[in-house]
Amino acid sequence: MVIRKLLCPLIIAVCGLPAYSQGIALKSNILSDAFLNINVGAEATIAPKWSVDLTCDFNAWTVDTHKWKHWVVQPELRYWFCDPFAGHFIGAHLLGGQYNIGNINNGINFLGTDFSRLSNERFQGWFVGAGIAYGYAWVLGDN
C-alpha cells in the first residue's frame, strides 16, 4: 500500500512531462539496493538551468529477525551552473518518512548516540528534515 502511494505520484509526474533529450532522468542507487533499501528517483528539467528531483526509498523486510523498516520521500530543487544533467549543481531538499527499527545487535557509539540500544529496544515514528546539496554529473556520451 505504501509503495503504491509513493510510486503513483512519481509515475504521473514523469508521464505528464514532455520527453526530449536530457529532459528526464530515471535513477536508482545500486549500493542502497544491495542493502535491501529499494529506491527509485526521477529528475526533470523545469527551466533552462533548473531541475526537480524526487527520490523514494523503501525497506519493509525482516532479515534473520532484524528489523530496519522505513520509507523516505525526498524532493529536491536543483540549479545547474552549465546545462541540466551536466556539470556542477547545487540544490535544496526536503525529506520525510517513517521508520521502525529494532533487534539489531551492535556496539556502535557515534557522536554521542548509543546505537547498542537497538539490541533490546524498538524505535518507531515519523521524521522530517531539510538540507542543501552539491553535486557534479559527468556526461558519459554525446548521443
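This tour goes through the salt bridges of a predicted model, one selection at a time.

**Start with the network.** Select Lys27, Glu43, Asp53, Glu76 and Arg78 together and show their side chains; salt bridges link these residues in a network. The structure as a whole holds 4 salt bridges.

**Lys27 and Glu43.** Keep Lys27 and Glu43 on screen. Their closest N and O atoms are 2.7 Å apart, and the two residues form a salt bridge. Now colour strand E1 (residues 24-27), which contains Lys27, and strand E2 (residues 38-47), which contains Glu43; the pair joins distant parts of the chain, 16 residues apart.

Are these two residues buried or exposed? Lys27 has a relative accessibility of 31%, so it counts as partly exposed. Glu43 has a relative accessible area of 3% and is therefore buried, the cut-off for buried being under 20%.

**Lys27 and Asp53.** Stay on Lys27 and add Asp53. The side chains of Lys27 and Asp53 also meet in a salt bridge, at 2.9 Å from N to O. Asp53 sits in strand E3 (residues 50-59) and Lys27 in strand E1; this pair, too, links distant parts of the chain, with their positions 26 residues apart in the numbering. Asp53 counts as buried because its relative accessibility is 2%.

**Arg78 and Glu76.** Move to Arg78 and Glu76. Here the side chains meet in a salt bridge with an N to O distance of 3.0 Å. Both Arg78 and Glu76 are buried.

**Last view.** Select the five residues again, from Lys27 through Glu43, Asp53 and Glu76 to Arg78, to see the linked network in one frame.

Notes. Residues numbered from 1 in each chain as written. Predicted model: local features only at pLDDT ≥ 70, side-chain atom pairs only at ≥ 80, totals over all residues. Heavy atoms only, no water. Helix = DSSP H or I, 4+ residues; strand = E, 2+ residues; numbered from the N terminus. Buried < 20%, exposed > 50% of the residue type's maximum accessible area, 1.4 Å probe, protein only.
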